[in-house]
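Trainee: Could you take me through one part of this model in detail, namely the place where two helices pack together and the charged side chains around it?

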Amino acid sequence: MASELRGYRIYDDGAVEELGPVPTARLAELLTQAQAAIPHRAYAIGLYRDRRDFLEARPHGRDEFAFRSDRLHRDSLLSRLSGRDAGLAFDVHGVEQAVAAFVCYAGLPRDAFERKAEDFPKPRR
């Protein structure tokens with residue numbers, strides 16, 4: 001099911017910059033650029049299947065990325081009955097693991113990605 005998703009940058013000031021289709025081969029470059037932007041104009045990198053289903057990675061420090069993902073309208077009866085929160089949040093260490101999380105998102109149907117994300121580290125807040 002691997003597919004080329006569309007990407008965007010979302011800046012801390014609320015501005016959004018569309019990136020168009022983002023091949024997985026470009027993800028490491030985009031994430032490294034986001035890390036370098038922290039002292040200047042910080043932003044997160046996001047990929048989306050459609051306007052209601054996205055995954056964003058925000059750099060935290062030099063080697064951490066905080067991910068968040070949401071599906072703005074839950075279609076699955078099972079997910080509604082289970083009472084699970086619509087959003088996901090997890091942290092990864094390093095660009096390589098961040099790319100792997102995006103590749104997982106791109107390569108799996110949403111429900112399978114949510115099950116897989118259960119194994120990702122939870123955010124430290």
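Mentor: In this predicted model, helix H3, residues 94-107, packs against helix H4, residues 110-117, at an angle of about 145 degrees, and their axes lie 8 Å apart. On the H3 side the contact is made by Ala101, Cys104 and Tyr105, while H4 contributes Arg110, Phe113 and Lys116. Sorted by character, these contact residues comprise four nonpolar and two charged ones, with no polar residue among them.

Arg110 deserves a further look, since its side chain also meets that of Glu114 in a salt bridge, with 2.9 Å from N to O. Both residues belong to helix H4 and stand four residues apart, about one turn of the helix. An α-helix has 3.6 residues a turn, so residues three or four places apart point the same way. As for solvent, Arg110 counts as buried because its relative accessibility is 6%, under the 20% cut-off, and Glu114 is likewise buried, with a relative accessible area of 2%. The pair does not stand alone: salt bridges that share partners join Arg110 and Glu114 with Arg49 and Asp53 into one network.

The structure holds eight salt bridges, and another of them brings together the side chains of Glu56 and Arg68, at 3.0 Å from N to O. That pair links distant parts of the chain, with Glu56 in strand E4 and Arg68 in strand E5, 12 residues apart. Here Glu56 counts as buried at 8% relative accessibility, whereas Arg68 is partly exposed, with a relative accessible area of 43%.

Notes: Residues numbered from 1 in each chain as written. Predicted model: local features only at pLDDT ≥ 70, side-chain atom pairs only at ≥ 80, totals over all residues. Heavy atoms only, no water. Axes fitted to C-alpha atoms, helices over the stretch in contact; angles between N-to-C directions. Helix = DSSP H or I, 4+ residues; strand = E, 2+ residues; numbered from the N terminus. Contact = heavy atoms within 4.5 Å. Nonpolar A, V, L, I, M, F, W, Y, C, P; charged D, E, K, R; others polar. Salt bridge = Lys/Arg side-chain N within 4 Å of Asp/Glu carboxyl O. Buried < 20%, exposed > 50% of the residue type's maximum accessible area, 1.4 Å probe, protein only.
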